[in-house]
Amino acid sequence: MGEALDRVELFAGLDEAALADLRALARPFEVAADALLFRQGDPPSGLFLVESGLLEIATRMPGDEAAWVSRIAPGEVVGEFALLDDGPRSATVRAVEDTSGLLIPARGFAAMLGEGRGGPVAAIDRLRGLVATRTRATLERLAQTSLAEASELRRSPPAIDPAPHVIDAEMLRSLGTFAELADVDCAELIAAGEGLSATRNTSLVEAGAKPDTLYLVVRGAVRAAFVRGALREQVTIHGPGEWAGLVAMIDRCEQPLALDAVEESILLRVNAAAFLRWREHPGRIGQVVLAAVDRQLVRDQRRANRHFGRAIALGRFNAAGSTT
Amino acid sequence: MCRIVSYLGTPVLLEDLLYSPDSALLNQIIHAQMLDMLNLAGFGMAAWDPVSHAPASPFVYRTTQVGVFDRNLKLLASKVAPHALLAHIRGVPYNSSVQINEQNVHPFKFDRVPLAMAHNGDLSGFRAMRFDLVEHVRPEFAQHIQGSTDSEWLYALVLSGLDDPLRINQPEAILAAIRRALGIVREVRARHGITRSSSTNLIFCDGVNLIAVRYTFDFGRFENVRLQGTMQFLSMWYTFGRDYGLHGDEWKLVGGAADADSIIVASEPLTRDIATWIEVPEYSALVVRRDGDRRSAEIHALEV
């Protein structure tokens, strides 16, 4: 058992010890043609590695229509959110053909990750990359299609450098994610970046900028948006406890979205080197930071998908909706 | 904090929106899925029934009774089938300073004014702010204010921005009045140095148009540590389709977006499975309007 692991592109190049950790966790799964592997809204059981067969992913949107469909072939994975976040399944997966492979259960994986074992640490970093890549692909598709109505667009704010601002341990602990951090740990986190105060309606980062900026929102709100000429198309708002600029920091490509402070905001700008260290050797602070990052990567992809779904659904509704 | 549900479309039995789905509005009194509190301070609704006497005027019902124990409401809900609805359950802090009375139950709808409004959220520092709001409220509306809530003042502020509040207005006029009201609130907050997060999630309905506003001043600036990073209770959701009802084992609108003629907008989905629900974006308004013999929906940016 476990040969499927060697054929999964996502885990290609992992060392033998890491693969052995994952093999120890993996369980076989089988699903017959036309049966459901899991439904949107189900609790997450784990990550599925497909060895043979074919799966189909579908999400639903208003009117109970399938929003889009994609297929998962041997060597590919599905259900990756389950190892990053404990939220319900975001899509329904059905077997097109009899399909089998390996399941890496979320609970066992989390336990091993908590021990800092090499396999899960390396595997979850690959998953981060996978989710960031998929989010970027959705954003790029959105950027090209420009489904937003003119009424939805907003003015681009001026770029004004944020001022230095002292962030203390209490401010960090007020964010649920860091509530349990001791003073010494908070100090280490704060030292990994610089505290800033941004004025309302100012641009922080332009789309296309280098991936060297990641903001933790401590107070206030940061908008992530497409640039549409002189205007912005809002994709999401990052409130306190959220990270802005995450996709680029993970996949090390340019910032896909512009980031603007839309309220008076206090931010911790984390430097890229510190973030990279956490990814390679999480340590105590890194584990807490990355757990929050992983949840947000999932959230960001869901938001990008919802933004896409909303635009498509509204377009269809307006094209043919009739009154009674 | 409160919970709201609104509907515009093919007539549907009230029971199907208020009671039947697993997270229907009345079930949210005790078990809201996106708000960690009980909503015990009253139930109210405005329901436009096309086969009733004077169908342009809604049937209005308000009670301070906890809705789940209200037998009259339950019986009504099995008989009335409106094509438009704005219903609200009120949630307030658990202390004796709160005024529980019928005048504070949403939705607000002044006599002869077609537009009704319900609010989820609160304006921090409202008691100090309201004296500065008076000058922006028309006297005829100021004297209508009977309750003690920030919500009723917001309603009066919006009405005061309409050229003719006594008729059905175009959505553009209502949106302009909403922007004006939010601008006034922002200015008064600044004058009083109020920087705490304050939410004005509002749903307006006049039986023809529906406008849902998701807007928070100083988003995320809480003093209450417990609230940091928990903004889900300030979200707003919608779904559309046709033939709302129980399909298979699930309450939903079916029929696809292209054949849709009905829309539900609510402070949280009416079902635990939120797969067919979409969020209204922050700092935005969802406008559902009659467009000739059709109905259309748009998102409008709210930059105030």
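**Exercise 1.** Which residue of chain B meets the side chain of A:Arg223 in a salt bridge?

*Solution.* The model is predicted. Take the side-chain nitrogens of A:Arg223 and look for a carboxyl oxygen within 4 Å. The partner is B:Glu303, with an N to O distance of 3.4 Å. That distance lies within the 4 Å cut-off, so the pair counts as a salt bridge. Between chain A and chain B the count is four salt bridges.

**Exercise 2.** Describe the side of chain A that touches chain B, and give the area buried between the two chains.

*Solution.* Start with contacts: 43 residues of chain A touch 54 residues of chain B. Next, polar contacts: 13 residue pairs are found, both residues at pLDDT 80 or more. Then assign the chain A residues to elements: β4 (55–61), β9 (154–155), β15 (231–238) and α10 (283–320) each supply at least two. The largest share, ten residues, comes from α10(A). Sorted by class, this side of chain A has 13 nonpolar, 15 polar and 15 charged residues. Finally, the area: about 4,200 Å² is buried between chain A and chain B, 50% of it on carbon and sulfur atoms.

**Exercise 3.** Work out the strand order of the open five-stranded sheet in chain A and place helix α9 against it.

*Solution.* The order reads β10-β11-β18-β13-β16, with antiparallel pairing. β10 (163–164) and β16 (243–244) are the edge strands, each pairing on one side only. Inside the sheet, β11 (residues 193–198) and β18 (residues 265–271) share six bridges. For A:Ser197, the bridge partner in β18(A) is A:Ile266. Helix α9 (residues 272–280) lies across β13 (213–219) and β18, at about 65 degrees to β18(A).

Methods. Residues numbered from 1 in each chain as written. Chains lettered and ligands numbered in written order. Predicted model: local features only at pLDDT ≥ 70, side-chain atom pairs only at ≥ 80, totals over all residues. Heavy atoms only, no water. Pairing = 2+ DSSP bridges. Helix = DSSP H or I, 4+ residues; strand = E, 2+ residues; numbered from the N terminus. Contact = heavy atoms within 4.5 Å. Axes fitted to C-alpha atoms, helices over the stretch in contact; angles between N-to-C directions. Buried area = accessible area lost by both parts, 1.4 Å probe. Polar contact = N/O pair within 3.5 Å; in protein donor to acceptor, adjacent residues only side chain to side chain. Nonpolar A, V, L, I, M, F, W, Y, C, P; charged D, E, K, R; others polar.
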